[in-house]
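Here is a model to open in your viewer. Please load it, switch on side chains, and follow along one selection at a time.

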Amino acid sequence: MSHNGFMISEMAKRVRDILSMFVLAIFSKVIGTKLYSRRSAPAEPESEANVCLSWRLAVEANNMPGWSTVPLHCLSHVETYMMGGQYEQDVNYIVEQIESYVSQVVLKGDGCDAWILDIDDTCISNLFYYKDKNYGCDPFDPGGFVAWVMKGECPAIPAILGLFTKLVEGGFKVFLLTGRDQQTLAPATIANLHNQGFIGYHRVIFRNQSFKGESAVAFKSEVRKQLVEEGYRIWGNVGDQWTDLQGECLGNRTFKIPNPMYCVP
């Protein structure tokens, strides 16, 4: 090859290299823009499952206080959550956090170290009842629920039963606080609690006639206030409803158990 031909060949190769680097730089810039810019990527269509997941998150975060029923299009989502293992896993995880906190509490040893547990869907489960009510898609049926409670067939929520046992054995005075009516439902409730292993609590407190017509927050606030006035120190308070964990004298820590099936206003 002549000297001139060699020079031309080398220049052509350099031009190709420069062009390749230029194209690569532009391509990299375009790709980088797509990766980090939300505007450049078209939004994915919302699926029904994602909408129901957002609904459940809003419920658990108390961003929808006073909601009445589960949306019908979310029935399958709630059923899968409650029956498919995620609900149980969530409860177990929460109980692990509670037990971690309990391990750090130093009891005074004077018999006044108290802990409060709600009953319905905290200690014992109404899942089988709500299964027949389309997992909360049907409106609340007061008569049907009373009939269910009277059967005394609510199973214990295993992780909470384990927590209850540790609290009792650890020296806490455990109070079981429920909105169930004392006059009609107390015997069936106590029998149900006992046959599920909830033995050794300090007191079960029902809603009596003096609290008739009061909201859940007002009723439970007054009960907790009375306990504090009796000298008890409430170290923890666990419930499945936000109304279990609002109001006065809440205690040192509160813990929410998930429940996407119903809301107690």
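This tour of a predicted model goes through its nonpolar cores, its aromatic rings, one cysteine and one helix.

**Stop 1: the cores.** Start by selecting Val91, Ile98, Trp115, Leu117, Phe172, Leu176 and Met261. These are the residues with the most contacts inside the largest nonpolar core, which has 55 residues. Now colour helix H4, residues 86–102: with seven residues, H4 gives this core its largest share. Which residues does Ile98 touch, leaving aside those up to four places away in sequence? Show Trp115, Leu163, Val238 and Phe255, and you have them. Apart from this core lies another, of twelve residues; Leu177, Phe219, Tyr232 and Ile234 are among them. As background, nonpolar side chains in soluble globular proteins tend to be buried together.

**Stop 2: the rings.** Next, highlight the aromatic side chains. How many aromatic pairs does a search of the whole structure find? The search gives 14. For a cluster linked by ring pairs, select Tyr129, Tyr130, Phe140, Phe145, Trp148 and Tyr262. Then look for two arginines placed over rings. The charged end of Arg56 sits over the ring of Tyr81, 3.9 Å from the ring's centre. Arg253 has its charged end over the ring of Tyr101, 5.2 Å from the centre.

**Stop 3: Cys137.** Move to the loop between helix H5 (127–131) and helix H6 (142–151), where you will find Cys137. Is Cys137 buried or exposed? Its relative accessibility is 13%, so Cys137 counts as buried, the cut-off being under 20%. Show Thr69, Val70, Pro71, Leu72 and Leu75 as well: Cys137 touches these residues, not counting any up to four places away in sequence. You can also draw a C-alpha to C-alpha distance from Cys137 to Val78; the two are 59 residues apart in sequence and 9.6 Å apart in space.

**Stop 4: helix H9.** Finally, select residues 216–229, which form helix H9. At 1.5 Å a residue, these 14 residues should span 20 Å, and the end C-alpha atoms are 20 Å apart, so the two values agree. Show the buried residues of H9: Ala216, Phe219, Lys220, Ser221, Val223, Arg224 and Leu227. An α-helix has 3.6 residues a turn, so residues three or four places apart point the same way. What do the buried residues of H9 pack against? Add strand E1 (113–118), strand E2 (173–181), strand E3 (203–207) and strand E4 (233–239) to see their partners. For a last look, click on Gly231, which follows H9 and has a positive phi, near 105 degrees.

Note on methods. Residues numbered from 1 in each chain as written. Predicted model: local features only at pLDDT ≥ 70, side-chain atom pairs only at ≥ 80, totals over all residues. Heavy atoms only, no water. Core = buried A, V, L, I, M, F, W, Y, C linked by side-chain atoms within 4.5 Å. Buried < 20%, exposed > 50% of the residue type's maximum accessible area, 1.4 Å probe, protein only. Helix = DSSP H or I, 4+ residues; strand = E, 2+ residues; numbered from the N terminus. Contact = heavy atoms within 4.5 Å. Phe/Tyr/Trp six-rings, centres within 6.5 Å; stacked < 30°, edge-to-face > 60°. Lys NZ or Arg CZ within 6 Å of the ring centre and 35° of its normal. Expected span 1.5 Å × (residues − 1).
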